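Colleague: I would like to go through this model and ask how each label is justified. Please set the values against the rules as we go.

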Amino acid sequence: MILNSILTQGRTHSGASITSKKRLLEYISTEISADNSEFDADELFNELLARERLGSTGIGYGVAIPHCRSSRCSAITGMLLKLDQPIDFEAVDDAPVDLVFALIVPAEAHDEHLKVLGALATAFNEESFRRDLRNASTDQALFERALQP
């Protein structure tokens, strides 16, 4: 799967304590910016929030894929979170979200953006993949399970 090229162990967090959609987007922005100096946390937060205002990126089954394009982004960047408690995300099935894959793509990468979103949606539609991620109790285990074929 494509995750091995866009996800790092440092951007994989199991048991994140987040209480709301807004706090989740702030957390993602802060963590990605801390990991990669090309990003600005406030700008990234605003880009994620603007995309979320267009419609929820909660795809169902307790999964959300918040994403945006960024002019500061030079390579597709992903972050995987397993929340310690599900949060309301206004998902298409109204189920609370506990698995989150954030995706930041270069502003001009339209085709790649859609390709990666499609691959993520396909992976997260698999009940066994979601179950494996939910059963991971450490960052390392979550990272390893995410990269399994």
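Modeller: Let us begin with Ser29, which, neighbours within four places in sequence left aside, is in contact with Ala41, Leu44, Phe45 and Leu48. Bear in mind throughout that this is a predicted model.

Colleague: What makes these residues contacts of Ser29?

Modeller: Contact means heavy atoms within 4.5 Å. Ala41, Leu44, Phe45 and Leu48 meet that rule with Ser29. For one of them there is also a C-alpha distance: Ser29 and Leu48 are 8.2 Å apart in space by that reckoning, with their positions 19 residues apart in sequence.

Colleague: Where does Ser29 lie, and why is Ser29 called buried?

Modeller: Ser29 lies in helix α2, which covers residues 21–35. The relative accessible area of Ser29 is 1%, and buried means under 20%, so Ser29 counts as buried.

Colleague: Ser33 is also in helix α2. Is Ser33 buried or exposed?

Modeller: Ser33 has a relative accessible area of 13%. The cut-off for buried is under 20%, so Ser33 is buried. With neighbours within four places in sequence set aside, Ser33 is in contact with Phe39, Asp40, Ala41 and Leu44.

Colleague: What about Leu49: why is Leu49 called buried?

Modeller: Leu49 is found in helix α3, residues 41–54. Its relative accessible area is 19%; since buried means under 20%, Leu49 is buried. As for distances, Leu49 and Ser74 are 25 residues apart in sequence, and their C-alpha atoms are 20 Å apart in space.

Colleague: Which residues are in contact with His113, leaving aside those within four places in sequence?

Modeller: They are His67, Arg69, Leu103 and Val105. His113 itself lies in helix α4, residues 110–125. Its relative accessibility is 6%, which is under the 20% cut-off, so His113 counts as buried.

Colleague: Now the loop between β5 and β6, where Asp94 has its place. Why is Asp94 called exposed?

Modeller: Exposed means over 50% relative accessible area. Asp94 has 65% relative accessibility, so Asp94 counts as exposed. Its phi is near 65°, a positive value in a residue other than glycine.

Colleague: Where is Glu90 found, and does Glu90 count as buried or exposed?

Modeller: Glu90 is found in the loop between β5 (77–87) and β6 (97–106). Its relative accessibility is 55%, and the cut-off for exposed is over 50%, so Glu90 counts as exposed. Phi of Glu90 is near 55°, a positive value in a residue that is not glycine.

Colleague: How many disulfides are there by the rule, and why do Cys68 and Cys73 not form one?

Modeller: The count is zero. A disulfide is a covalent bond between the sulfur atoms of two cysteines. The rule asks for a pair of cysteine sulfur atoms within 2.5 Å. The closest cysteine sulfur to that of Cys68 is in Cys73, at 8.2 Å, so the pair is too far apart for a bond. Cys73 is therefore in no disulfide, with the sulfur of Cys68 as its nearest cysteine sulfur.

Colleague: Are Cys68 and Cys73 buried or exposed?

Modeller: The value is 4% relative accessible area for Cys68 and 5% for Cys73. Buried means under 20%, so Cys68 is buried, and so is Cys73.

Colleague: Turning to the whole chain, how many helices and strands does the chain have?

Modeller: The chain has six helices and six strands. Along the sequence they follow the pattern α-β-α-α-β-β-β-β-β-α-α-α.

Colleague: What makes the chain as compact as a globular protein of its length?

Modeller: The radius of gyration is 14 Å, and the globule rule gives 15 Å for 149 residues. The two are close, so the chain is as compact as a globular protein of that length. Its C-alpha atoms fill a box of roughly 35 × 30 × 25 Å along the principal axes.

Colleague: Which percentage of the residues counts as buried, and what area does the chain expose?

Modeller: Of the 149 residues, 47% count as buried. The exposed area is about 7200 Å², with 47% of it supplied by carbon and sulfur atoms. As for contacts between residues at least 6 apart in sequence, 70% join residues at least 24 apart.

Colleague: How many positive and negative side chains does the chain have?

Modeller: There are 14 positive and 23 negative side chains, and the centres of the two sets lie 2 Å apart.

Conventions
Residues numbered from 1 in each chain as written. Predicted model: local features only at pLDDT ≥ 70, side-chain atom pairs only at ≥ 80, totals over all residues. Heavy atoms only, no water. Helix = DSSP H or I, 4+ residues; strand = E, 2+ residues; numbered from the N terminus. Rg over C-alpha atoms; globule rule 2.2 N^0.38 Å. Buried < 20%, exposed > 50% of the residue type's maximum accessible area, 1.4 Å probe, protein only. Areas by Shrake-Rupley, 256 points an atom, 1.4 Å probe, with all protein chains shown as cover. Lys, Arg positive; Asp, Glu negative; His and termini not counted. Charge placed at Lys NZ, Arg CZ, Asp CG, Glu CD.
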